[in-house]
Each structure stands twice: as structure tokens, then as C-alpha cells.
Amino acid sequence: MANLKELKGRINSVKSTQKITKAKKMVAAAKLRKAQAAAEAARPYAERLEGVVASLASKVGGSDSAPKLLAGTGKSDTHLLVVLNSDRGLAGAFNSNIVKAARDKALELQAEGKKVLFYLIGRKGRPVIARLFAGQITELYETTGIRDIGFDQAHEVSAKVMEMYEAGVFDVAHLFYSKFRSALLQVATGQQLIPVPAPVDVPASGGAAVEYEPDEEAILADLLPRNITIQIFKGILENAASEQGASMTAMDNATRNAGDLINKLTIIYNRTRQAAITTELIEIIAGAEAL
């Protein structure tokens, strides 16, 4: 009977866990709709801004008057990896995939003799990066007390990154986040932030003569910092949608697995109970025959 009691307790425990994972799945699904809408709404603006910056950059080219954010420092000895993670777990491989992409990039750069620094946003990636790259975390951005990280935080991060760039802390900056494809698919993504990558396949203007007032360099000097902020903001929104999609999928799998385990334990419980009843009947019959 002790085994039956243990099995029944185990079944009840798994049922309680299943209720929790089911509730978390529903919460993630509700949050996903809002996060996905925000991420999809931000993409056209971010992509269009990139296109405008690329078009202007193609005109400025290698001019001596080109802004530093476009021209670079003239070297690429030190790289800053800005890594976006969440503060919460229970989202499958969401955080670990971003950390893996950043880790692979860091190892690749170090193999080339480059110095690598990290700017970490969110708690989940810290232990792994701190263990693999001890002493290379130069900045930590706390998001624990922030309910919904958004544009204000993106602006703070970009301002700090540009301040470090102007101070000569690094030569090249990269951003790592998870691009949202669907609730089942999130892709760990890395993109270069600083200097702004050289434009590729910039659409032709169709022969139209375009005059800029002020000149291209002045416009770029204003647009480049804004573009960096917007790209970080886009990464934050993509991350938020990816986290909820990964969480919903992980909790759905956990709920299904709990259901399978409950079924298996119930079968074992019924068989054990039947065996106990049979054993008890045999003992009763044997006792009766002895009389």
C-alpha cells in the first residue's frame, strides 16, 4: 500500500505542475499577440531608416568629412558585443541560442587576434558569458525592475554605446538578439551596429536629381545615432516577441509531457492496485482453506 500512496502523490504532484505550465502557456500566448504586433509594426520603419542611411552613405562614400559612426576609427582591434537577453527563464532555448551566437562570434574574433568586450542587457546570459569570458564584461544594463523594456531603455543603451565609442573603448559594435519568425521559430541574429555597414545594393534613384539641405554629411550626423537607437529598439521588440513565442511553445511541450507522464503513472497505479487486491484475495482464500 505504501507504493500506491507514493504513486498517488506523484500523480497529484504532476497534475499540479501541469496546471502551472498550462496557465503559463495561456499567459505567454496572450502576451505574444501584443509583442508580435509591436515587433512587426517596428520593422518597416527600422528597415526604411536603414535604407535612407545606406542611400546617403553611398553618396558620402569615403569622404574625409564622413561622420565617425559611418567612417569608423580606421581600425578594428576591439569589438563590443551588445547581447540582449531576458530576466526570466522557462522559454526553452531562447536565451541560450542568443548567448551561443554571441559566444561563437567572440571566439571567432579572438581567433583573429581581436579584443572582445561585452555589454549585457538582461540577467540570463550573464553566468555563461562571465564564465567563458572572465573580465571582458564592460557594461551591465539592469532590466529587473522594468516591466516592459522599450524605447526609453533602447535610447539609454545606444547613448552609452556611442559614448564608449567616442571615448575609444571599442572600434566595432555588434548587436545580438532573437529575430521572431513564429511561435515555433526564433532565430538568434547578429548585426553590426558601429560603424554602420557599407551599403549593399542601394536602390537607384531612377535618375532623379536630389538636392540635400543641409548636405549629406550633416544629415547623416543626425540620422546615424537615431538609426543605432532604432536598431537596438527593433532588437528589443524582436526579443520580446521571441521570448513569448518560445515560452508558449516550451510550456505547451511541458503540459503535453506532464499529460503523458500522468497517463503512464495512472496505468502503473492501477496495475499496482490490482496486484495488491489480488494478493489480498489470495491471502484471504489461503486463510479460509487453512480453517
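In this predicted model, confidence within the chain is highest in β1, at a mean pLDDT of 95, and lowest in α2, at 80. The mean over the chain is 85, and 88% of the residues score at least 70. The stretch 204–208 falls below 50, and beyond near neighbours in sequence it makes 0 contacts in the model.

**Sheet and helices**

The chain contains an open sheet of 5 strands with mixed pairing, ordered β3-β2-β1-β4-β5. The edges are taken by β3 (137–141) and β5 (186–194); each has a single partner strand, so one side of each is left without a neighbour in the sheet. On average, and ignoring direction, neighbouring strands are turned by 20° against each other.

Strand β1, residues 78–84, pairs with β4, residues 172–180, over 5 bridges in the parallel sense. Within this part of the sheet, Leu80 stands opposite Ala173 of β4. Two helices pack on the strands. Helix α3 (residues 94–111) lies across β1, β2 (115–121), β4 and β5, and runs at about 150° to β4. Helix α5 (residues 151–166) touches β1, β2, β3 and β5, and its direction makes about 160° with that of β3.

**Nonpolar cores**

The largest nonpolar core comprises 47 residues, and Leu80, Tyr119 and Ile194 have the most contacts inside it. At least two residues of this core come from each of α1 (2–60), α2 (68–71), β1, β2, α5, β4, β5 and α6 (216–290). Another core, of 16 residues, lies apart from it and includes Leu81, Phe94, Phe176 and Ala246.

Not counting residues up to four places away in sequence, Leu80 touches Leu117, Phe118, Tyr119, Thr138, Val161, Met164, Phe170, Val172, Ala173 and His174. Tyr119, one of these contacts, is also among the residues with the most contacts inside the largest core.

**Two buried polar residues**

Asn85 is located in the loop between β1 and α3. Its relative accessibility is 10%, and Asn85 therefore counts as buried. Its side chain makes a polar contact with that of Asn95 and also reaches the backbone nitrogen of Gly125. Beyond its neighbours within four places in sequence, Asn85 is in contact with Asn95, Ile98, Val99, Ile121, Gly122, Lys124, Gly125 and Asn239.

Thr189 belongs to the edge strand β5. Thr189 counts as buried because its relative accessibility is 19%, the limit being under 20%. A polar atom of its side chain lies close to the backbone oxygen of Val187, at 2.9 Å. Leaving out residues up to four places away in sequence, Thr189 touches Leu175, Phe176, Tyr177 and Lys179. Of these, Lys179 is 10 residues from Thr189 along the chain, and their C-alpha atoms are separated by 6.2 Å. Phe176, another of the residues touched by Thr189, is a member of the core of 16 residues.

The side-chain polar distances of Asn85 and Thr189 are listed below.

| Side chain | Partner | Distance |
|---|---|---|
| Asn85 | Asn95 side chain | 3.1 Å |
| Asn85 | Gly125 backbone nitrogen | 3.2 Å |
| Thr189 | Val187 backbone oxygen | 2.9 Å |

Definitions and conventions: Residues numbered from 1 in each chain as written. Heavy atoms only, no water. Pairing = 2+ DSSP bridges. Helix = DSSP H or I, 4+ residues; strand = E, 2+ residues; numbered from the N terminus. Axes fitted to C-alpha atoms, helices over the stretch in contact; angles between N-to-C directions. Contact = heavy atoms within 4.5 Å. Core = buried A, V, L, I, M, F, W, Y, C linked by side-chain atoms within 4.5 Å. Buried < 20%, exposed > 50% of the residue type's maximum accessible area, 1.4 Å probe, protein only. Polar contact = N/O pair within 3.5 Å; in protein donor to acceptor, adjacent residues only side chain to side chain. pLDDT = per-residue confidence, 0-100.
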